[in-house]
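Colleague: I'd love to go through this one with you and ask how each label was earned. Could you bring it up?

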Amino acid sequence: MSMHISVAPRLRLPGSGEKRSATWLELFFDLVFVISMAELVHRLGHHVSVLEVGQFIALFIPVWWCWVGHTVYATRFDTDDMIHRLLTFTMMFAAAIMAMQIPTAFKSGSMGFAGGYVLARLCLLMLYSRARRHVPEARKMTTLYLSGFGIGALCWLVSLLVPSPERFILWALGIIIDFIIPWLGRKTILQKAPLDTSHFPERFGLFTIIVLGETILAVVSGLSDAVWYWPSITAAILAFLLAISIWWLYFTYIHRADHAGKLGSGQPFIYGHLPLVLGLAAVGGGVKNMILQAHESSLTFQTNILLTGAIGVWLLSFLLIQYVSIERRLLASLRIPYAAAFLVAVMLSFGWHLPPLVVLLVFNLVFAVLLVMQLRVFGALEPAS
């Protein structure tokens, strides 16, 4: 396979007739985020408190945002030349640094975590600088990204020079700027270069698979740490079935939804996925504790709130993603069942005296009903012609 040192980026738009899917480089890039997700779920599973959940969210967002930054760029400008690969490899190294610092990111590891993030963002800025130079028709868009992401990266860079808690305030400010700038320019600038409607949803589906894999890992980890009595084994089976239902629901939508004309600049789709993958990652921490507590007569308050809250967040964000990307007639058939499922999650959050197996069984029944409804709405239960 020949490799070009430098290939000028070009703007890739949907409707060009080019069928795109995830490249081998993108799949390799995803691997480092498997480590990050494992560290985050492990951290949450061992410390369930308001402070720890807040720190989990605060660390999850910049890790996920690094992945999103590269994915959005690659969807529009991927050239797969030597320069693009080297910058991607450097971003992977930066993400690995962040992953290593996750256990101590709010203590001794804060410098390393921030340094890794700055390095990743500098690589992204270099990629957009190339696109700005070579793609005149996308100059307004690349300038928007360079200015907004440049200011955000500067906040993180300055944070290396100040002590805590000011350092963490600058982290939050940098992320907020990164989120706001694309949103402000989405209708006037970014909408003119819509994202590929096959490649982009596929990439987000692959990241969702990574996070869902941590739920499966949590089941295995919970069983390895638990005493192998029938309650823990039953809890593991129910948790595994819950993960299957979540996978089936999400990928029925990804496979069947017609994103053409709905995805646009991608901001609602992107931002809607943040609470979805956050909730999914928290489900991993919750089911592990469920398995460990399966022999108890009732759940601890912390574990119950973690799992029910995580599932509630996942349900609402999944409905939001479908709202911005599927036809209204399909959505009308899904609103009531998803609202009812969310209500069940809220009701169970007050039932912390319930046995773990009861909570898992109720959620499995709820998700089974949702799955049947979703399959019918998208026509996936129709016999093959």
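Modeller: Happily; keep in mind that this is a predicted model. Let's start with Cys123, which is buried, with a relative accessible area of 3%.

Colleague: What makes Cys123 count as buried?

Modeller: Buried means under 20% relative accessible area; Cys123 has 3%, so the label applies. Cys66 is also at 3% relative accessibility, and therefore counts as buried.

Colleague: How do you know that Cys66 is too far from Cys123 for a bond?

Modeller: A disulfide needs two cysteine sulfur atoms within 2.5 Å. The closest cysteine sulfur to that of Cys66 is in Cys123, at 9.8 Å, so the distance is too great for a bond. By this rule, the disulfide count comes to zero.

Colleague: Why is helix α2 described as largely enclosed?

Modeller: Because 22 of its 28 residues are buried, the rest of the structure largely encloses α2.

Colleague: And what span should α2 have, at 1.5 Å a residue?

Modeller: Helix α2 covers residues 50-77, and its 28 residues should span 40 Å. Its end C-alpha atoms lie 41 Å apart, which agrees.

Colleague: Why is Trp247 called partly exposed?

Modeller: The class lies between 20% and 50% relative accessible area. Trp247 has 39%, so it counts as partly exposed. Trp247 sits in helix α8 and belongs to a nonpolar surface patch with about 850 Å² of accessible area together.

Colleague: Which helix gives the most to that nonpolar patch?

Modeller: Helix α8, residues 230-256, with seven residues. Among the patch members are Trp228, Phe240 and Trp248.

Technical notes. Residues numbered from 1 in each chain as written. Predicted model: local features only at pLDDT ≥ 70, side-chain atom pairs only at ≥ 80, totals over all residues. Heavy atoms only, no water. Helix = DSSP H or I, 4+ residues; strand = E, 2+ residues; numbered from the N terminus. Expected span 1.5 Å × (residues − 1). Buried < 20%, exposed > 50% of the residue type's maximum accessible area, 1.4 Å probe, protein only. Patch = residues over 30% accessible without salt bridge, like charges linked within 9 Å, V, L, I, M, F, W, Y side chains within 5 Å. Areas by Shrake-Rupley, 256 points an atom, 1.4 Å probe, with all protein chains shown as cover. Salt bridge = Lys/Arg side-chain N within 4 Å of Asp/Glu carboxyl O.
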